[in-house]
Amino acid sequence: MRTVSLTYLVALPVLTHCFNSFVSNHCRSCRGRPFVDLYALREDVTREDADNAGEHEEPRDVDAMTRRRLFVRGQSIVTSGALSWVMFGGAENNRALATDEAENKRIEIFEKASQSVVFIDTFTERRDAFTTNVLEVPLGSGSGFIWDTDGHIVTNYHVVRNAKSAQVAILSDDPSLLSGLAVDTTTKPSSMRVSSYGGSSYGSTSSKQAVFKATVVGVDPGKDIAVLKVDAPAKLLKPLTLGTSTGLKVGQQSLAIGNPFGLDHTLTAGIISGLGREVKSPIGRPITNVIQTDAAINPGNSGGPLLDSSGKLVGMNTAIYSPSGASAGIGFAIPIDTVKYIVETLITDGKVVRPLLGISYLDSRQAKTLGISSGVLVLDVPPDSPAAKAGLKGTRRTETGLIEIGDIIVKVGDTVINTESDLFQAVESYKPGDFVDITVNRIVAVQDELVTQQLTLTTQLQPSTIYEVTVS
C-alpha cells in the first residue's frame, strides 16, 4: 500500500498539470492520446452551459464556465485513470504481482507441485431398477500424488475402498506433453482421456489434464495407504521430491494440495501444529506419529501431499478432526517416513505382512465401563489358533447368563500394555512367526471368591491378512 500511494501522489500532479495545460491551450503533446477524449467532453460541456445560459435573464461568460466545468470533470477522470493505471501496472503489465519473496516462493512451489498431484475418481456398480442392467456410477473422489515415472500413484486406502474401478487425472501446463494422446469425450472412465482444465492457468497458457484408468498395485488398510498404477507416458509423470518427517518442528510452514469438495488442485497453507498424534485407520488399527497441521484439509483432500516450505513431501493428508465434517483447523497427515516404507513394500511385494496375535479385543474406552482401567481385554480367541494353543482365554457367556471376563493382556515381552495402541506397537516390533511372551491377568474363582492371577504365556505371531480391493 505504501508503494501504491507514493506512485499515485507522484503521477497525479503530472497528469493534472498536463490536463490543465490542455484546457489553457498551452499543452499540445497530450492531444489525440487515447487516455480520455477531452474534445468530445468539451463539446458536451459547452452545449450544456449554453442551454443553461438561456434560462437566465443576465448573460454569462459561457466560455469561462465551460473551461471551469471541463476542468472539474476532466480532473475527476484523470484522477480515477491515474489510480487505475498505477494499481494495475499500466497497459503493458496488467497482471497481479506477488508482493514479497515468501509469496513468490509459495507460488513457485504450487506451480511445480500441482503437476504431481492427481485427481482420483472412483466408481462402483449398481443394478438399474427398471432394466436390471449393471451400471457404473460415481462412488467418490479424492487426491493422490505421483510417486515415480513408472506410473505409481499414492493415495489413501479409504479413497479406493469399496470401489470397482478408478480413474486418475494428471495435470500438465505443457501442451506438447499431451501431444499424440488420443482424446476421449465419453463420460465413462476409459484407459485415457484428455480434456481442458477449467479454472486454472499458469501465465497465459491454459492447463489440460489427461485421465487414465487405474489399477491397484497393493493396499495397506492398517496404515490407510494404497498404491495405484496408470499406463501414462513417462514424460507426463513428475514425481514429488521426497523429504523426511524426522526432525520436523512445530511451527514450520506446511502446504496442502488436493481436491476438496471436487475443487481440483486447491492450495491451502498453515503450520505444523502438532507431532506424534494418533489416528485410527479404516480397520481400527492405530496410525502413530501422525503430523497435525492447521492447513485447511476437507473431504476430497485425502491422499494429497503435505509439503514443507521448500516444496518437499513430508506427509500424506489423511484425516481431520471436525464436528461439522469440514475443516476446523485440525488436520492429520501420515508422515512420509512411514509412507515411504509402506509404498516401497507394496510396489515390491504387493502387500504388507504384519505380525498378529490373532485375537479380537474390546476397545479400551468400553473396557473402562467394566472396571478395566489398564490392559487389553481379550474378547475371542479362534479355535486351533496359536493363541488358543498357548492358552489365551476369551470373554464368554456362561450357561447361567453371566459374563465371564477373558484374559487381560498387560505386557508383551517387556512392554507394558495400557491400551490397544500399545498392544499394536509392541506386536509390530516382532516379525510373523516369532514367539513372544504374553503376560495376562486372569480372573478366577477360588473358594467362591474372585482372585486375579498373573500368567505368562508364549504364543507364535501370525502373519496378517491384507485386504485387497479389485479395481479393473
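In this predicted model, serine 254 touches a set of residues that lie more than four places away in sequence, namely Thr268, Ala269, Gly270, Ile271, Ile272, Thr293, Ala295, Leu306 and Leu307. Serine 254 itself is found in strand S8, a strand that covers residues 253-258. Because its relative accessibility is 1%, and buried means under 20%, serine 254 counts as buried. Its side chain also has a polar partner to consider, since a polar atom of that side chain lies 3.4 Å from the backbone oxygen of isoleucine 271.

The strand that carries serine 254 belongs to a wider arrangement, in which six strands close into a barrel in the order S8-S9-S10-S13-S12-S11, with antiparallel pairing. From one strand to the next, the twist averages 50°. One of the pairings can be followed in detail: strand S11, made of residues 305-307, and strand S12, made of residues 313-320, run antiparallel to each other and are joined over three bridges. Within this pair, leucine 306, which is also among the residues touched by serine 254, stands opposite glycine 315 in S12.

Helices lie against these strands as well. Helix H9, residues 420-427, packs on the sheet, where it touches S9 and strand S10 (286-293), and the direction of H9 makes about 110° with that of S10. Helix H4, residues 101-113, lies across strand S8, strand S9 (266-280) and S11, and it runs at about 35° to S8.

How much of H9 is covered, and which of its residues are buried? The helix is mostly covered, with six of its eight residues buried, and these are Glu420, Ser421, Leu423, Phe424, Ala426 and Val427.

The region of H9 and S10 also leads to the question of enclosed space. Rolling a probe the size of a water molecule over the atoms shows where empty space is left. In this model the count comes to one cavity of 30 Å³ or more, and the largest cavity has a volume of about 40 Å³. Its lining is formed by Lys223, Pro286, Thr288, Phe424, Gln425 and Glu428, and S10 and H9 each supply at least two of the lining residues. Phe424 therefore appears in two descriptions, as one of the buried residues of H9, where buried means under 20% relative accessible area, and as one of the residues that line the largest cavity.

How values were computed. Residues are numbered from 1 along each chain as its sequence is written. This is a predicted model: local features need pLDDT of at least 70, side-chain atom pairs count only at pLDDT 80 or more; totals for chains, interfaces and linings use all residues. Side-chain values use heavy atoms; hydrogens and water are left out. Two strands pair if DSSP finds at least two bridges between them. Helices (H or I, at least four residues) and strands (E, at least two) are DSSP runs, numbered from the N terminus. Axes are lines fitted to C-alpha atoms, for helices over the stretch in contact, and angles run from 0 to 180 degrees between N-to-C directions. Contact means heavy atoms within 4.5 Å. Buried means under 20% relative accessible area, exposed over 50%, partly exposed in between (1.4 Å probe, protein chains only). A polar contact is a pair of N or O atoms within 3.5 Å; within protein, one must be able to donate a hydrogen and the other to accept it, and residues adjacent in sequence count only if both atoms are side-chain atoms. On a 1 Å grid over the protein atoms alone, a cavity is a set of points where a 1.4 Å probe fits but cannot get out, and a pocket is an open set with protein on both sides within 12 Å along at least five of seven lines; lining residues have an atom within 4 Å of a point. Grid points are joined across faces, edges and corners, and a volume is the space filled by probe spheres set on the points.
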